[in-house]
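Subject: Structure for your files

Dear colleague,

Please find the structure below, with the sequence. My notes on it follow.

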Amino acid sequence: MITNSPIPIFSFANKTAEITTWQKTLRKELIKALKLTDLFSIKKTIPLNINIINSEKNELWQSQEISIQSTKTRKIKVKLTTPLKEKDGYPAIVAIHGHGGSKESVYDKSSIYKGFATNLANEAITISTDVGQHELEDQTLTLMGERLWDLIRCVDFLNQMEIINLKKIGCAGLSLGAEMAMWLAAVDTRISATVSSGFLTTMDQMEKNHCLCWKFDGLRELADWSDIFSLIAPRPLLCQNGIQEKPEQFPTELAKETFSLIQPAYKEYGQEQLVDLKIHEGEHEIDLPSLKSFFDNTIL
C-alpha cells in the first residue's frame, strides 16, 4: 500500500531497541497519550464497590448485572456470566461489542456477534460492559482512554474473583470491539489470549469512511495499528476478516498486509505459531468456529 504518511516514532519495522524494551516504552507512551497515566498511578486506591443489580439463572450459567466503580467519580455496569458446573479455576473472557451495540449484543446469537459470549459462557466466566459512548463522561481523559479504562476495570473485577484462573483471561470483540480488544491486550498484560475480528487495517484507511472516534492527539505520531498489535506478542492473537467486507471498510488484502507487519514481533520471540489471521467467508461479523477453536487451544 502506498502512503504519504510519516513513519511513526515507534514503528516496529524501524525499532532499534530490543523487543521487550520497545514494547514497554511504546506502551508507556500510549498510556500517556490516552491520558491514563494518572489513573494507573492511583488504581489501587479505587475500590470496585461491587453492587449486584439483578441476577438470574438458566440451566447452564448464572447471569448478573453489576455496578462497579471505574474511576473515583464514575460507575459502570457490567454483565457477568458464571457457569453453574463446578471447576477448579475458570477461564474468563472480556467480550466487547462494536458501534451501535451494547454489553448485551455479544450474547445475541442472531447478531453479527453470533452470540460468541453465550457460546463461551458454558465453559468460561464472561464479562461485558458498554464501550460505545461518543460523549466523554470524564473530561480529563480521551474517549478511547475512557473506553479502555472501563475494560481494564473489568479485568480488575475478574482478578478479585477467587474462582478464576488468572493466567487464563482472554478478550474478544468485533469492529470497535476488535479495536478495543487490541487496546486492552496491548496495554494490559494480564490478558492471555485475544481475538480481534473485523478490524485489521491501517490508520490511513481509517481516516476516511470510518468513525474518527479512534483518533486522538499524538496517536499517529507514535504508532500504527500493526505496532499496537505487536505489543500483544508473544501472547496468542487471532485476527479475523471476512472476505465479503466492503472495500472501503476492512478489506482482506489490507488485513493480510497489516498482518505481515505483526508477524515479525512474534518471530522475535520465536512464537510465530501464536499469531494467526483467519480470512472467513462472511462479512463484517464474528467467525464463531475459529474463535471457539482459538480459545479451546489457548485458555479454555
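**Helix 4, the sheet and a pocket**

In this predicted model, 16 of the 17 residues of helix 4 are buried, so the helix is largely enclosed by the rest of the structure. Helix 4 covers residues 143-159. Its length was checked as well: at 1.5 Å a residue the expected span is 24 Å, and the end C-alpha atoms lie 25 Å apart, which agrees.

The sheet is open and has nine strands, in the order 1-2-3-5-4-6-7-8-9, with mixed pairing. Strand 1 and strand 9 (275-280) are its edges, each pairing on one side only. On average, neighbouring strands are turned by 20 degrees against each other, direction ignored.

Two of the pairings show both senses. Strand 1 (residues 51-57) is antiparallel to strand 2 (residues 61-71), with six bridges between them. A hairpin of three residues connects strand 1 to strand 2, and Ile52 sits opposite Ile66 of strand 2. Strand 6 (residues 164-174) and strand 7 (residues 193-197), in contrast, run parallel and are joined by five bridges. Here Cys171 is opposite Thr194 of strand 7.

The second largest pocket holds about 270 Å³ of space. It is lined by 18 residues, of which Ser175, His210, Gln249, Phe250 and His284 are the closest to its centre. By class, the lining is made up of seven nonpolar, seven polar and four charged residues.

Regards

How values were computed
Residues are numbered from 1 along each chain as its sequence is written. This is a predicted model: local features need pLDDT of at least 70, side-chain atom pairs count only at pLDDT 80 or more; totals for chains, interfaces and linings use all residues. Side-chain values use heavy atoms; hydrogens and water are left out. On a 1 Å grid over the protein atoms alone, a cavity is a set of points where a 1.4 Å probe fits but cannot get out, and a pocket is an open set with protein on both sides within 12 Å along at least five of seven lines; lining residues have an atom within 4 Å of a point. Grid points are joined across faces, edges and corners, and a volume is the space filled by probe spheres set on the points. Ala, Val, Leu, Ile, Met, Phe, Trp, Tyr, Cys and Pro count as nonpolar, Asp, Glu, Lys and Arg as charged, and the others, Gly among them, as polar. Helices (H or I, at least four residues) and strands (E, at least two) are DSSP runs, numbered from the N terminus. The expected span of a helix is 1.5 Å times one less than its number of residues. Buried means under 20% relative accessible area, exposed over 50%, partly exposed in between (1.4 Å probe, protein chains only). Two strands pair if DSSP finds at least two bridges between them. Axes are lines fitted to C-alpha atoms, for helices over the stretch in contact, and angles run from 0 to 180 degrees between N-to-C directions.
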